[in-house]
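Reader: Walk me through this one, please, and back up each label as you go.

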Amino acid sequence: MTAAAGSAGWYLRRLSRMGPREAAGRAGDAVRRRRWRSAPPHCPAGAGAPFTAALPAGALDAVPPEAVKRLLGTADRLLDGHAEFFGVARDDLAEPDWWYDPRTGRRAPAAYAFDVPYRNEAAVGDVKQIWEPSRHQYLTVVAAAYALTGDDRYAARVAAHLESWWAVNPPLRGVHWTSGIELGIRLLSWVWIRRLLDGWPGAAALFEDAPVARHQVWHHQRWLAAFPSRGSSANNHAVAEAAGQFAAACAFGWFPESARWRADALASLARHLRANTFGSGLNRELATEYHGLVLELGLAAVAEADAAGVPVPASVRLVLLRMTDALAAVVDGRLRPPRQGDGDDGHGLVVDGAGTDRWASLLATGDAVFGRLGWWPAVTGADVRTPLLAALIRPYPAGETAAGETAAPARPARRPAHFADAGVTVLRGPGGIWCRCDGGPHGFLSIAAHAHADALSVEVRHDGVDVLADPGTYCYHGLPGWRRYFRSTLAHNTLQLDGADQSVSGGPFLWTRHARSRVLAAETSGAGVARWCAEHDGYRRTVHRRRVELTAATRELRIRDEVRGGPRRAVRLAYHLGPAVTAELAGSRAVLSWTRDGADRGAVLDLPARLAWRAHRGETDPPLGWYSAGFGRKEPATTLVGSGWAGGTASPEEFTTVLGFRG
């Protein structure tokens, strides 16, 4: 845990972002935690019921051979004990130590769950490394291999690992009982494991006929019912908790509380899906990976509802439809979405082998469930998850109202390029030029936990290659300097004043002051020139305004930054190049080059001559010049930084950058 996340000051800052209702709820949670220490809840006696939520006949036959081959390759590596989590290779997965962190070599303490300081890496280790295998999503992969082959080796390994986990992780003991999102995703994995093992003779003995399984399922659901994510924390965590609770209550309805848990979880899911999603369909956290996570969780929950015959509010399917259309709208020509905000490689449901394109899979599922629109990009590739979900989810009708009447949902007739509520605008040009402009809110809820200080940043690609890149996330806990860097203003393609972030951080998942942005113009439909203009007030008396123009005929992107009002300030303008791009910087001109599909590509970046430009790459003190392709991984990349002064004059000062593509 960083000093910021463990000090009295941090707790005061965190409390300041809560409303009275949330504070009261958290006080009640604290009382319950103390009570459960000496008087934990008890699972009622009883027996399980036969599992009835199996895959329909023929569902497995619809899985493409290419996807089966990829899945079996991954499952066989898992049988051999090999896996990789967040850039750390593991070879101990044959008999895992569920509390061990291979990155630091530490083990989490065997303590009452709510005494485990899971944010403190020195005491626990890297909690993400410990938690990830215990989401049991690698076991859903192995279980899918059994379902597709009937090979008992896969089923036996899954059973052995579940029994091992249940034995060493009794309720309320240890790090795996500290975070609701972990319990929710784990429950969803268990439901799918049971479904995928349905043809195995030992499946019932592993689940519904096993007292330890019933005990674990009940306690997971009781925990989630008692400790929901509240108020300023009700982001993707709340969706995961509700989806897992709902799935388990549908598939494992073994308990007197099951009907109530199912109804409460469905109501919570419907509420939080709406709250976490803009009307345009983009995720309110403005963190693209969480858009994917929430969409996966929502689709999985609807699959459970339809398998169990539980009616779902029409709003749930409508939100998922809008999320799917929004995803189809923002991806580039290679089906890559923006790299906006935080991302921790979190998935809702995993039944595919390594190398499966997550975003193509989601769009394929959207096509199967909702139907593609004419402007959607073509989706290539194959996956396991789509045919399985499509077999469970009933076909989406022309539309539904709450009363069950049909009415055509309003879907975009043309590909949206400007999402006014989210402040996201995508400019497109010939040759696969793609430019995301950020003029939206600073994250979601009062703490904006997964936001970056990236107001007015741009992200530019050419045929799917990052040219001006968003560097990513890299880490959450344990590496405070790197966490600060990757979510800082300097780590994004925007302008920084006086060496400060546009928004004020109060901790690794807490922002105490949010820059306010507004889009002044977004003209994306013209055939010749697409334009965007926005400004933000993060620097108090000084306003940063940015204009972006993409001219199709010349394949030229022009970025004009204005510093308006306020005192004279130090300026740093950063452009982060993708890892595939090399740069030759001479004065204020950089010649960029890269290779795509064996062909040489390039661009010329003419930078504001009033600033002094330097290239940075792989620097550590302080960090600068890095790109994180995924959580836990980073690699050197070139960052161009121009330094100078602006402000203190009656008229705005301007800095113009021109990016011209060639080849």
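Author: Let's start with the naming: helices (H or I, at least four residues) and strands (E, at least two) are DSSP runs, numbered from the N terminus. That gives strand β15, residues 569–576, which holds H576. This is a predicted model, with local features needing pLDDT of at least 70 and side-chain atom pairs pLDDT 80 or more, while totals for chains, interfaces and linings use all residues. Residues count from 1 along each chain as its sequence is written, and side-chain values use heavy atoms, leaving out hydrogens and water.

Reader: Why is H576 called buried?

Author: Buried means under 20% relative accessible area, exposed over 50%, and partly exposed in between (1.4 Å probe, protein chains only). H576 has 2%, so it counts as buried. Contact means heavy atoms within 4.5 Å; beyond its neighbours within four places in sequence, H576 has contacts that include V467, Y485, L490, L624 and T638.

Reader: What makes the pair H492 and H576 a polar contact?

Author: A polar contact is a pair of N or O atoms within 3.5 Å; within protein, one must be able to donate a hydrogen and the other to accept it, and residues adjacent in sequence count only if both atoms are side-chain atoms. Here the backbone nitrogen of H492 is 3.3 Å from a polar side-chain atom of H576, so the distance falls within the limit.

Reader: How do you know that β19 and β24 pair?

Author: Strands pair if DSSP finds at least two bridges between them. For β19 and β24 there are six, in the antiparallel sense, so the requirement is met. One of the partnerships joins A612 to S643 in β24. Both strands belong to an open four-stranded antiparallel sheet, ordered β8-β15-β24-β19. What makes β8 and β19 edge strands is that each pairs on one side only.

Reader: Which strands stand at the edges of the five-stranded sheet?

Author: That open sheet runs β3-β4-β5-β6-β7, with antiparallel pairing. β3 (418–419) and β7 (465–468) each have a single partner strand, so one side of each is left without a neighbour in the sheet. Inside the order, β4 and β5 pair antiparallel over six bridges, with V424 partnered by D438 in β5.

Reader: What joins β17 to β18, and which residue in their hairpin has a positive phi?

Author: Eight bridges link β17 (589–596) and β18 (599–606), running antiparallel. Two residues sit between the strands, and D597 takes a positive phi near 55°. β18 also pairs with β25 (653–662), antiparallel over five bridges, and V604 stands opposite G660 there.

Reader: Why is α16 described as largely enclosed?

Author: Ten of its 13 residues are buried, so the rest of the structure largely encloses α16. Among them are W359, L362, L363, V369 and F370. They pack against α14 (288–308), α15 (314–330) and α17 (385–392). At the start of α16, a side-chain oxygen of D357 comes to within 2.9 Å of the backbone nitrogen of W359.

Reader: What makes a set of residues a nonpolar core here?

Author: The members are buried Ala, Val, Leu, Ile, Met, Phe, Trp, Tyr and Cys residues joined through side-chain atoms within 4.5 Å. The largest such set has 147 residues, and W190, W192, L197 and F252 have the most contacts inside it. Its largest share, eleven residues, comes from α14. A second, separate core of 39 residues includes L456, Y539, L577 and F655.

Reader: What makes L172 and Y474 stand out in phi?

Author: Most residues other than glycine have a negative phi, and most peptide bonds are trans. L172, not a glycine, has a positive phi of about 70°; Y474, likewise not a glycine, has one near 75°. L172 lies in the loop between α8 and α9, and Y474 in the loop between β7 and α18. L172 is at 9% relative accessibility and so counts as buried, and at 11% Y474 is buried too.

Reader: How do you know that the bond between D621 and P622 is cis or trans?

Author: Omega is about 0°, and the bond is cis. P622 is in the loop between β20 (619–620) and β21 (623–624).

Reader: Why is A156 called partly exposed?

Author: At 40% relative accessible area, A156 falls between the buried and exposed limits, so partly exposed is the label. A156 lies in helix α8 (152–168).
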